[in-house]
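Biologist: I would love a close look at one helix in this model, and then a short tour of what else stands out. Could you walk me through it?

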Amino acid sequence: MILSDSAKLQISQTAKRYPKVRSAILPALHIAYEEHGYLSDQIYEEIAQILDLKLIEVAEAASFYTMFPKAKRGKYLIQVCRNISCALLGSHHLTAYLLDKLNVELGEITADGLFTVVEAECLGSCTTAPMMQVNAHYYENLTVEKVDRLIEEFRSQK
Amino acid sequence: METKLLTQHVGDPQQHTMERAIEHGAYQAWQKVLKEIAPADLIQIVKDSGLRGRGGAGFPTGLKWSFVPKDSLKSKYLCCNADESEPGTCKDRVLLEGDPHAVVEGMMIASYAIGCHTAFFYIRGEYDIGQVRMSKAIADAYAKGFLGKNILGSGYDLDIVVHRGGGAYICGEETALLSSLEGDKGLARLKPPFPAVEGLYRCPTIINNVETLANLPHIVVKGAQWFASLGTEKSKGTRIFSVSGHVKNPGNYELELGYSLRDLVYGLAGGILDDRPLKAIIPGGSSTPVLLPDKIDTKLDFESVAAAGSMLGSGAVIVMHEETCIVWVAEILAHFYMHESCGKCTPCRQGTGWIYEILRRIEAGYGKMEDIDTLLDIADNIEGNTICPLGDAAVVPVISTIKLFRDEYVYHIEHGKCKVHSQFKLRTK
Amino acid sequence: MSDFNITVNGRQVPVIKGQTVLQASLAAGIDIPVFCWHPQLVPVGACRICLVEIEKLPKLQVACATIASEGMIVHTDSPKTIKVRQGVLEFILAHHPLDCPTCDKGGECDLQNLTFKYGLDYSRQHEPKHRVIVDANSTFDDLQIGPEIIRNQNRCIHCYRCTRIVDEIAFEDDLGAYQRSYHTEILPPPGREIRNLYSGNIVEYCPVGALTNDDWRYKVRVWLTKQTSVICPHCPDGCNMKLWNFHNKLFRATSRANENIDNGFICDIGRYGYQYVASPDRIKRPMVRRSGELVETSWEEALSLIRKQTDDIKSKLSGSGFFGFIGDIRTNEEIYAFQRLLRRVIGSNNIDHRFHRRRRLTPGEEVSSRGIESDNAEFKDIENADVIVVLGSDLHSENPITSLRVKRAVKRHNAKVILLNPLPTPLGKRAATLEVIYKQGTAAVLLHGLIDAVVDLERFDPSAIKLSAAEISDFRKANAAYAGVRGSEITGVDVTLVARVAEILAAAQNVFILAGSYVERDPLRDSLHLAVANLQSFCKSARKIFLPPDSNSVGAAFFGAEPTVLPGRQSWGKKAIYEDLWHGPIPDAPGKDTIGILEAIDEDEIECGLVFNADPVRLFPDGEYVRSVMEKLKLLVVIDSFMTDTARLADVILPLSTFAEIEGTRVNWEKRMQYSQRAIPPLHESKPGCEIIELLADRLGVKFNQSKPSDVYQEMARFFPTGAPTTYAAIGRDGFLIRSAETNKPGKLAYLRFVAPAIDTEYRFILLVGNADHHRGTLTERNEILMKFTGEPFVGISEADATDLAVSDGDLVKVESKYGRVVGKAMILRDFPSKRVLLPENFGEMSTNILMGRQDKIDMIKLAKM
Ligand SMILES: Cc1cc2nc3c(=O)[nH]c(=O)nc-3n(C[C@H](O)[C@H](O)[C@H](O)COP(=O)(O)O)c2cc1C
Ligand code: SF4
Ligand code: SF4
Ligand code: SF4
Ligand code: FES
Ligand code: FES
């Protein structure tokens with residue numbers, strides 16, 4: 001078993017809130033993702049087992065959404081909004097700047113294992129563009145200076 | 001000037017707590033409803049208020065509720081649509097983070113009106129603070145006895161379940177939202193049956209936007225008449241507009257419907273960044289047609305914006321100044337729709353990708369003159385021919401930019417480069 | 001019939017309420033193109049090729065999902081529709097590889113055809129095509145997604161027919177659509193393959209070449225093939241199939257969509273089953289035994305030998321020294337001709353088709369003549385039932401398409417399905433409302449207990465059934481020992497579970513009972529039949545079907561392959577009719593059945609056997625005994641296509657053509673007689689059954705001049721009830737339902753006497769015989785494709801027993817009875833009851849009949865790790 005007992009418990013508890021247990025797939029995927037940082041076939045199997053659902057139901061659903069990657073990412077997953085409001089204020093440059101600064105390709109993990117930079121569609125932070133999401137948090141109204149400082153902070157926290 | 005109805009207290013950093021919200025009058029409407037108003041009367045009040053949906057289509061809310069079959073023995077469901085993913089839009093987030101209790105109370109009132117006992121709050125997965133605050137607000141409401149069994153002795157039961165999306169714009173579309181909530185992929189469904197008749201778990205279901213619902217406590221407390229006195233003849237109340245892009249003071253502004261676009265952009269939002277000339281405005285989110293500067297005096301209400309050739313949509317006003325390459329804008333939006341198409345129906349699944357590929361080629365300098373007509377024709381083959389409105393939305397930026405800026409496309413193709421090259425840099429400070 | 005009209009392209013089109021615009025138009029002969037629509041699937045409206053213009057509606061509508069309403073004016077060929085149709089085709093083609101010349105769907109591809117018909121003749125697509133690369137080193141993007149199915153994602157047009165067939169029709173879960181947008185990909189779930197019993201259908205109904213079958217790929221082009229209409233010979237469902245051949249070689253089988261029966265779906269056993277026809281193991285020429293060895297010879301020599309030896313035996317023992325066995329998969333014509341050969345030419349009534357272990361002939365048990373036959377019922381009636389009871393049947397493996405009908409009743413009408421079985425079966429998890437597992441041998445007790453529980457319910461309404469209060473109360477009294485806890489002790493079924501089943505039955509308006517192989521094998525088989533009839537009497541309305549074991553068991557019984565009845569189920573008193581017809585006498589006394597025959601051989605009363613496509617040595621209980629008896633015969637003539645265990649003992653073997661090489665009729669469980677065409681001429685030196693029988697008859701002294709099945713049919717057709725078609729040409733798609741008036745009426749209640757079998761402490765496990773995945777009966781092991789699914793016999797045991805015996809999956813275990821033993825690899829089955837062992841009946845290397853006693857009521861064994 002990959003999932004911890006507490007995750008398992010949380011999943012089965014969550015399922016009780018829904019009239020139909022299949023609805024608990026998304027919450028279960030969130031719980032698993034939060035615990036592991038990525039998903040795998042094994043985790044799909046476990047979720048299916050906990051919820052007494054078919055593997056295919058879990059696997060299909062998970063594959064549809066962007067928030068349940070199957071690949072390992074850096075400790076800090078940086079998602080730069082590439083959409084219009086952010087783009088008008090330099091998000092493309094932001095992405096390029098980050099890649100350059102971290103010396104990494106889009107989607108790859110930095111050598112120190114800390115960072116992965118990807119592009120995202122609009123994250124609902126358009127009036128505070130440009131922005132990026134790092135793990136669960138939004139960092140908004142970004143400037144070069146702010147980005148530099150954030151990266152420093154992440155590095156020092158390790 | 002803003003008309004702060006929904007956003008009156010969002011500036012208060014403690015408004016998300018139960019104590020502060022109650023101080024500011026939260027749940028009075030809920031208590032009033034439970035004590036004094038029958039569901040049918042409530043629906044009538046909302047009808048009378050003239051409230052129209054804030055999710056994009058502007059459908060009259062009371063009328064939508066009345067489609068729920070009264071004699072159906074099936075459970076009825078309410079879903080609050082907080083999937084907010086339309087590029088340019090972040091107005092619901094203001095409420096979720098700034099005044100979650102208003103949203104919870106709105107959900108309660110709507111649930112009561114349609115006879116729902118389990119309501120779902122579907123929030124886009126990325127909205128972390130919003131989700132935390134809404135969950136807390138709901139938990140506090142249970143603690144206060146505003147939710148649960150036999151609420152405040154009324155005999156009415158209601159549960160609210162928070163459901164986080166997984167990252168998919170399409171799940172904001174109501175039928176896809178239901179698929180997603182059922183645990184399936186977020187695939188849009190054929191209509192009919194309409195959700196009000198056969199929605200979640202094949203039961204009657206109402207889907208309302210966050211902002212729509214947040215209006216309800218005010219309507220209940222102050223009355224339909226009062227609400228109807230705000231706004232224009234057909235567009236009642238206020239709306240929160242997200243102003244983004246090339247303005248000096250981007251932000252969310254709550255305005256009485258009918259407010260002038262000029263006053264919003266040049267007044268509240270402080271005018272165009274670096275005082276450059278305005279090039280174009282998208283008034284209602286990425287799925288609405290672009291307006292030229294000559295439409296700057298358009299009033300911001302459903303009818304006036306429609307008359308100007310666009311739509312009020314989600315209230316996201318995206319401002320672009322003269323340095324913006326319009327083909328580039330179209331390409332960015334095309335990428336979005338390609339990425340977010342659920343893939344169920346052919347025109348959208350195949351067409352959005354094709355449009356993007358062509359735009360990318362033009363933008364990269366390899367365009368052909370016939371591409372412009374091809375784009376328009378592809379758009380024509382998508383529009384109106386898809387299962388859900390995402391397909392229609394996807395072609396809007398293409399059609400409207402070609403219509404208004406054809407010369408720029410031509411320049412691009414002829415010269416293999418932008419007429420104006422958008423090289424927007426990250427500010428240093 | 002129609003409720004109102006709509007106007008399509010200016011024509012009045014009648015509509016039955018609830019029909020879609022598409023259905024109404026198609027019925028009226030107006031063509032509207034489709035990709036994603038399929039008559040048996042819920043419309044999804046995904047492909048958009050069927051968009052049509054409907055006046056007064058602002059947008060085009062999908063014909064496939066738009067319910068027609070009165071007064072609609074529809075245009076399917078307006079400029080707007082034509083444009084969008086071209087647009088949709090263009091969208092699909094935008095990323096579709098142009099590899100028609102190498103695509104196996106070429107010639108029967110919906111995309112190719114519709115593009116020809118409606119598409120643009122130019123391309124504006126200059127962008128690179130999306131490609132889902134499977135192997136970076138290969139230019140082919142083929143991915144094997146199941147033992148027999150290959151996927152090329154690039155060709156997929158995302159119609160979702162495949163995933164919907166798997167989900168909606170088959171209730172399976174081994175195929176899905178992953179990701180989204182144009183990345184959407186068709187795949188089995190991670191780590192698995194698509195291998196459900198219905199998987200071949202997805203290939204057949206994939207409108208393009210995205211899914212192809214191994215057996216068809218790169219072998220032949222569709223337009224070069226010839227097709228013939230056949231009936232699947234593999235089970236009594238009687239699916240309608242098409243066989244595709246090129247230069248007399250078969251390349252595939254597909255459905256022939258008969259909504260009476262299969263609704264266009266066939267199971268993989270039927271689909272790939274044709275392969276045995278071309279098996280290299282076929283018996284190619286006649287053979288005779290010379291100095292102990294079977295050697296090939298000519299037909300002439302083989303027939304003369306038979307003549308000579310039969311003459312000897314006949315002079316010694318007369319006709320009663322002979323017997324005949326005929327297999328249940330042969331055609332009616334062959335069966336009829338065969339029994340005529342025995343009765344009239346040889347002078348023996350010793351004929352049987354029930355040498356099969358599925359039908360345990362239990363000497364001494366009282367067989368009542370009424371109430372225990374199947375009722376008149378059809379596939380469609382299953383769908384109209386609100387409660388379906390499956391009794392003693394692994395319906396999924398035994399009657400795969402009947403099983404689909406049950407699922408359809410669940411999907412479309414929310415029918416409740418109750419399984420009463422001695423073991424968990426695949427249908428359980430997929431479609432059952434309740435699954436009850438009883439101890440083999442106690443089903444009759446279970447049914448009586450169930451009846452008692454029904455009567456016990458408050459909602460039970462005696463006025464809704466046809467029994468008097470006295471009948472009911474007497475019956476309950478007599479049943480006391482089988483009711484409640486006492487019954488539960490016998491059956492091992494929890495009383496509360498029985499009560500839940502009773503609830504469902506008491507509320508049922510319309511019950512359909514399907515009884516299968518475990519009923520036929522039950523030690524109290526006849527009492528169990530009566531118990532089913534009793535249950536029927538307690539239902540408001542119910543029909544029962546005792547599913548026959550093989551594709552033409554019903555025909556075999558009807559056309560005289562049993563010792564005591566004459567063709568047409570005529571009693572012995574009618575003998576004169578047949579003597580008249582056959583210009584000569586037939587023996588006075590009825591003949592012996594399988595057991596009687598075996599015993600008579602043992603006692604030297606019978607010395608010659610004609611075994612026609614039958615393998616009693618492999619199948620009939622106590623295999624070693626059967627073998628030793630058969631060895632005693634002076635002359636054993638085997639007419640077969642394969643070297644069966646019985647054939648190995650033969651003195652003469654005549655090579656027999658298979659179903660694809662002959663024409664004829666067969667009768668499925670509905671008692672529907674259907675006609676099957678000949679697809680290819682007889683292979684090797686084999687001959688069709690009727691021809692062989694005519695040759696034998698002629699050689700033995702009587703000429704019927706009926707070596708063609710159609711000739712035989714004309715004679716035997718007179719035994720059908722009136723209204724039956726008298727020529728092949730007259731047999732239509734609906735076939736002919738053999739109906740007799742007196743069924744569907746349960747008779748008087750029958751009482752049960754159950755004596756628990758003595759417990760043997762040494763042999764503590766109950767032997768259950770079933771089917772391995774993708775196998776049914778003994779022909780499927782001759783089939784390479786089906787062997788890909790399950791190639792090895794196994795010994796199925798419960799988790800608890802595995803732990804007890806310290807056995808893990810794949811360990812060798814020994815299964816031993818008083819009569820024999822087999823060794824096989826253990827397969828641990830989840831949810832399987834303990835103290836039971838499941839053996840598949842499909843593999844020659846592990847015959848199960850050697851474990852069974854002839855006289856035993858129940859097969860008990862012991863199990864040990866090797
Ligand atoms: C592609 C697409 C995305 C949508 N996204 C949202 C959304 O994020 N939030 C929302 O409230 N409505 C969204 N809508 C509109 C909803 O389908 C629905 O009309 C709305 O939630 C109804 O609420 P209202 O009547 O209160 O406006 C979307 C529609 C489409 C076609
Ligand atoms: S229009 Fe796009 S998003 Fe909507 S159903 Fe079709 S493919 Fe899915
Ligand atoms: S594989 Fe074939 S049947 Fe399945 S979705 Fe693709 S085109 Fe349709
Ligand atoms: S269900 Fe029976 S008749 Fe039909 S295809 Fe399968 S084996 Fe043949
Ligand atoms: S466009 Fe970047 S957050 Fe909306
Ligand atoms: S056939 Fe109607 S949408 Fe595909």
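Modeller: Happy to; here is the helix, followed by an interface, a pair of domains and a ligand site. Please keep in mind that this is a predicted model.

Let us start with helix H14 of chain C, which covers residues 469-479. Its buried residues are Ile472(C), Phe475(C) and Asn479(C). Looking down the axis of H14(C), you will find these buried residues within an arc of 70°, so they line one face of the helix. The other side of H14(C) has Ala469(C) and Lys477(C), both exposed. As for what covers the buried residues of H14(C), the cover includes two helices of chain C, H13 (443-456) and H18 (525-537).

Now to the interface of chains A and B. Here 48 residues of chain A make contact with 62 residues of chain B. The two chains bury about 4500 Å² between them, and 60% of that area is on carbon and sulfur atoms. On the chain A side, Phe64(A), Leu88(A) and Thr127(A) supply 16% of the area buried against chain B, more than any other three residues.

Chain A itself is assigned two domains: domain 1 spans 5-64 and domain 2 spans 76-157. Taken over C-alpha atoms, the centres of these domains of chain A are 29 Å apart.

Finally, ligand 2 has 13 residues around it, and those that come nearest are Ile170(B), Cys342(B), Cys345(B), Cys348(B) and Cys388(B). Sorted by class, the shell around ligand 2 holds eight nonpolar, four polar and one charged residues.

Technical notes
Residues are numbered from 1 along each chain as its sequence is written. Chains are lettered from A and ligands numbered from 1 in the order in which they are written. This is a predicted model: local features need pLDDT of at least 70, side-chain atom pairs count only at pLDDT 80 or more; totals for chains, interfaces and linings use all residues. Side-chain values use heavy atoms; hydrogens and water are left out. A residue is near a molecule or strand if one of its heavy atoms lies within 4 Å of it. Ala, Val, Leu, Ile, Met, Phe, Trp, Tyr, Cys and Pro count as nonpolar, Asp, Glu, Lys and Arg as charged, and the others, Gly among them, as polar. Domain bounds come from an automatic or database domain assignment. Buried means under 20% relative accessible area, exposed over 50%, partly exposed in between (1.4 Å probe, protein chains only). Helices (H or I, at least four residues) and strands (E, at least two) are DSSP runs, numbered from the N terminus. The arc is that of the directions from the helix axis to the C-beta atoms. Contact means heavy atoms within 4.5 Å. Buried area is the accessible area (1.4 Å probe) that two parts lose on being put together, summed over both.
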